[in-house]
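Notebook open, structure loaded. I want to go through one strand, its partners, some ring contacts and a pocket.

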Amino acid sequence: MSNILTAGTPAPDFILQSSAGTSAGDAGEMVKLSDLKGKNVVLAFYPADWSAVCGDQLALYNELIPMFDKLDAELIGISVDSAFCHQAFRENRNYKVKLLADFEPKGEVARKYGVYREHDGFTERALFVIDADGLIRWSYLSPMDVNPGANHILEALKEIKEGVQHD
């Protein structure tokens, strides 16, 4: 059973390796969530690269990057796969979405967000919208075999832009 963090919770900070290396042997930059303060962030935890549902989910988000940009949001995918696996996956699928490796210690960040599946060794399919102040404004735990889409993410980002607060 997941203990997913909910709206109103400060987003736990983390630093993870990005897949955005410049060559096959080059590891990507380190991405620290707190360095993104001042910008909205969407975290999309997903079980694994190369699976059908994950591929479809990330393909959709890749197509929506211009919409995320308009809403001053950076979308980041996170799984327990390595940065090198992420890089091959991104290159194979022509993704521009930044993918971060919650690889070692395995699932450490997913645990902080309450979405690590200890018995399976990978993360839930979960979404978090974090505002520019580092506060979780919306979260969602999707069934593993369902692409959660982007409608609710975009709604949450529009509410942030419009200054809508929920109690």
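Starting with F45, I looked up its bridge partner in β8, and that is A126. I'm keeping in mind that this is a predicted model.

**Strand β8**

I pulled up the strand that A126 led me to. β8 covers residues 125-130, and 6 of its 6 residues are buried. I then checked which way the residues point: R125, L127 and V129 go one way, while A126, F128 and I130 go the other way. Both sets are buried, and that includes the arginine, R125.

Next I looked at the neighbours. Strand β3 (residues 40-45) pairs with β8 in the antiparallel sense, over 5 bridges. β9 (residues 136-142) is also antiparallel to β8, with 6 bridges. On that side I found R125 bridged to S142. β8 and β9 make a hairpin, with 5 residues between the two strands. I checked the turn too, and G134 there has a positive phi of about 85°.

**Rings**

How many aromatic pairs does the structure hold? I get 8. One of them is F45 with Y113, a tilted pair at 5.5 Å centre to centre and 45° between the planes. F45 sits in β3 and Y113 in the loop between α4 and β6, so this pair ties together parts that are 68 residues apart in sequence.

Are these two buried or exposed? F45 has a relative accessible area of 0%, so I log it as buried. Y113 is also at 0% and counts as buried.

I then looked at Y61 and F68. Their ring centres are 6.4 Å apart and the planes stand at 80°; the cut-off for edge-to-face is over 60, so that is what this pair is. Both Y61 and F68 are buried.

Back to F45 once more: ring pairs link F14, F45, Y113 and F128 into a cluster. F128 is one of the β8 residues I listed above.

I also noted a charge over a ring: R111 lies over the face of Y116, at 4.1 Å from the ring centre.

**Second largest pocket**

Last lookup. I noted a volume of about 200 Å³ for the second largest pocket. Its lining has 16 residues, and L16, Q17, A101, F103 and E104 lie nearest the centre. Which elements supply at least two residues each of the lining? I wrote down β1 (15-18), α3 (83-93) and α4 (108-112). By class, the lining divides into 10 nonpolar, 2 polar and 4 charged residues.

Technical notes:
Residues numbered from 1 in each chain as written. Predicted model: local features only at pLDDT ≥ 70, side-chain atom pairs only at ≥ 80, totals over all residues. Heavy atoms only, no water. Buried < 20%, exposed > 50% of the residue type's maximum accessible area, 1.4 Å probe, protein only. Helix = DSSP H or I, 4+ residues; strand = E, 2+ residues; numbered from the N terminus. Pairing = 2+ DSSP bridges. 1 Å grid on protein atoms, 1.4 Å probe; cavity = no way out; pocket = protein on both sides within 12 Å on 5 of 7 lines; lining within 4 Å. Points joined across faces, edges and corners; volume = space filled by probe spheres on them. Nonpolar A, V, L, I, M, F, W, Y, C, P; charged D, E, K, R; others polar. Phe/Tyr/Trp six-rings, centres within 6.5 Å; stacked < 30°, edge-to-face > 60°. Lys NZ or Arg CZ within 6 Å of the ring centre and 35° of its normal.
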